[in-house]
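User: Please explain the terms applied to the structure shown below, setting each value against its definition.

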Amino acid sequence: MIIPWQELPTETLQSVIESFVLQEGTDYGEQEKTLSEKVADITRQLQAGDIVIVWSELHESVSLRASRDIR
């Protein structure tokens, strides 16, 4: 189930994004980005609709996924 990011309380959204950023292993090239920069990048992608927040009832977990992979 897709959860609209706009419906989450600000603190919850921040926690979901930070959790995602801290667990993912993306290589950012020669210059590593700070946590704040990564969170800002994810926030922009959510606002643009490039990624969505997904709740898995089976696993009882939340994840962020590319929109193109969901539809």
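User: How many of the 71 residues of the protein chain count as buried, as a percentage?

Analyst: In the protein chain, 24% of the 71 residues count as buried. The term buried means under 20% relative accessible area, exposed means over 50%, and partly exposed lies in between, with a 1.4 Å probe and protein chains only. This is a predicted model, in which local features need pLDDT of at least 70 and side-chain atom pairs count only at pLDDT 80 or more, while totals for chains, interfaces and linings use all residues. Residues are numbered from 1 along each chain as its sequence is written, and side-chain values use heavy atoms, with hydrogens and water left out.

User: Which helices and strands does the protein chain contain, and in what order do the elements run?

Analyst: The protein chain holds 3 helices and 3 strands. Read from the N terminus, the order of its elements is β-α-α-β-β-α. Helices (H or I, at least four residues) and strands (E, at least two) are DSSP runs, numbered from the N terminus.

User: What makes β1 and β3 edge strands?

Analyst: The 3 strands form an open sheet in the order β1-β2-β3, with antiparallel pairing. Both β1 (2-3) and β3 (61-66) pair on one side only, and they are the edge strands.

User: How do you know that β1 pairs with β2, and β2 with β3?

Analyst: Two strands pair if DSSP finds at least two bridges between them. Between β1 and β2 (residues 51-56) there are 2 bridges, so this pair meets the criterion of at least two. The antiparallel strands β2 and β3 are joined by 6 bridges, and they therefore pair under that criterion as well. Residue by residue, I2 has V54 as its bridge partner in β2, and V54 stands opposite S63 in β3. Likewise, I3 is partnered by I53, which stands opposite L64 in β3.

User: What phi does E60 take in the hairpin of β2 and β3?

Analyst: This hairpin has 4 residues between its strands, and E60 takes a positive phi near 50 degrees.

User: Why is the link between D41 and K33 called a salt bridge?

Analyst: A salt bridge is a side-chain nitrogen of Lys or Arg within 4 Å of a carboxyl oxygen of Asp or Glu. The closest N and O atoms of D41 and K33 are 2.5 Å apart, so the pair satisfies the limit of 4 Å.

User: How do you know that D41 and R44 also form a salt bridge, and how far apart are they in helix α2?

Analyst: For D41 and R44 the N to O distance is 2.4 Å, which therefore falls within 4 Å. Because D41 and R44 are 3 residues apart in helix α2, about one helical turn separates them. A search of the whole structure finds 2 salt bridges, and K33, D41 and R44 are linked in a network of them.

User: Are D41, K33 and R44 buried or partly exposed?

Analyst: D41 has 17% relative accessibility and so counts as buried, being under 20%. K33, at 31%, counts as partly exposed. R44 is also partly exposed, with a relative accessible area of 48%; that value is not over 50%, so R44 does not count as exposed.
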